[in-house]
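Welcome! Here are a few exercises to work through with the model open beside you. Try each one before reading its solution.

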Amino acid sequence: MGEFNEKKATCGTVCLKYLLFTYNCCFWLAGLAVMAVGIWTLALKSDYISLLASNTYLATAYILVVAGVVVMVTGVLGCCATFKERRNLLRLYFILLFIIFLLEIIAGILAYVYYQQLNTELKENLKDTMTKKYHQSGQEGVTSAVDKLQQEFRCCGSNSSQDWRDSEWIRSGEADNRVVPDSCCKTVVPGCGRRDHASNIYKVEGGCISKLETFIQEHLRVIGAVGLGIACVQVRKHKR
């Protein structure tokens, strides 16, 4: 009877180890997904970060990258701790789990808070950023972002094409008689910004501000969902 119980306990322990191994593999893949979302935001969707007044959007992306790396390290550590049964590794494993949980909650909350503040920030700062920094020395990133924004979203100016009347670049004479940047044109050719007729440039209601707001809000929803979603899954798994 004692022999049977010992075998049963051994079988149960082995099964538990493999279940934990499977969980940690899934955890590692989740970390890879979190890190991928962060890198995707930084590498492919960061063109317009220079147009934002605060660094919150950038911070949430970096937090996701860090959280993803920590999750992946924790997944590997969890596998090692499961099979080697070392208490020190297990302690470190649970400490890292707690750090991951905090990072994901912080990223989710930051994304949600910034989502609420984005409209106000853009209304207060986007026009000044575009008119005061476009084609100015040392502001090549802003210039490139504005040109891409206007071409990609087919818009002109923060609120309308009239905003460019206040542009330091237009007023300085360096614009070579342009009244709007060439990137406002429906067909971009050098000097096309000298004519701001609706047949030549984009005159979208709400200007670029509404387009940029929608674009960033969509990505904030993804960041928030990934951060809080993984954190909730993590809590449920450990409750079980």
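Rings of Phe, Tyr and Trp (its six-membered ring) pair if their centres lie within 6.5 Å; planes under 30 degrees apart count as stacked, over 60 as edge-to-face and the rest as tilted. This is a predicted model, in which local features need pLDDT of at least 70 and side-chain atom pairs count only at pLDDT 80 or more, while totals for chains, interfaces and linings use all residues. Residues are numbered from 1 along each chain as its sequence is written, and side-chain values use heavy atoms, with hydrogens and water left out.

**Exercise 1. Find the residues that ring pairs link into a cluster.**

Step 1. Searching the whole structure gives three aromatic pairs.

Step 2. Take Tyr 134 and Trp 164: the ring centres are 5.1 Å apart and the planes stand at 65°, so this pair is edge-to-face. Tyr 134 sits in the loop between H3 and H4 and Trp 164 in the loop between H4 and helix H5 (168–172), so the pair ties together parts 30 residues apart in sequence. Helices here are DSSP runs (H or I, at least four residues), numbered from the N terminus.

Step 3. Now take Tyr 134 with Trp 169, an edge-to-face pair at 5.3 Å centre to centre and 70° between the planes. Trp 169 belongs to helix H5, and the two residues are 35 apart.

Step 4. Put the pairs together: Tyr 134, Trp 164 and Trp 169 form the cluster.

**Exercise 2. Decide whether Tyr 134 and Trp 164 are buried or exposed.**

Step 1. Recall the cut-offs: buried means under 20% relative accessible area, exposed over 50%, and partly exposed in between (1.4 Å probe, protein chains only).

Step 2. Tyr 134 has 2% relative accessibility, so it counts as buried. Trp 164, at 1%, is buried as well.

Step 3. Trp 169 is also buried.

**Exercise 3. Describe how H3 meets H4.**

Step 1. The axes of H3 (residues 87–133) and H4 (residues 140–152) come within 10 Å and cross at roughly 115°. Axes are lines fitted to C-alpha atoms, for helices over the stretch in contact, with angles from 0 to 180 degrees between N-to-C directions.

Step 2. List the contact residues (heavy atoms within 4.5 Å): H3 supplies Thr 129, Met 130 and Lys 133, and H4 supplies Val 142, Thr 143, Val 146 and Gln 150.

**Exercise 4. Work out how much of residues 92–115 is helix.**

Step 1. The unreviewed UniProt entry annotates residues 92–115, among others, as "transmembrane region"; such annotations may be inferred rather than shown by experiment.

Step 2. In the model this span is 100% helix and 0% strand, and its end C-alpha atoms are 34 Å apart.
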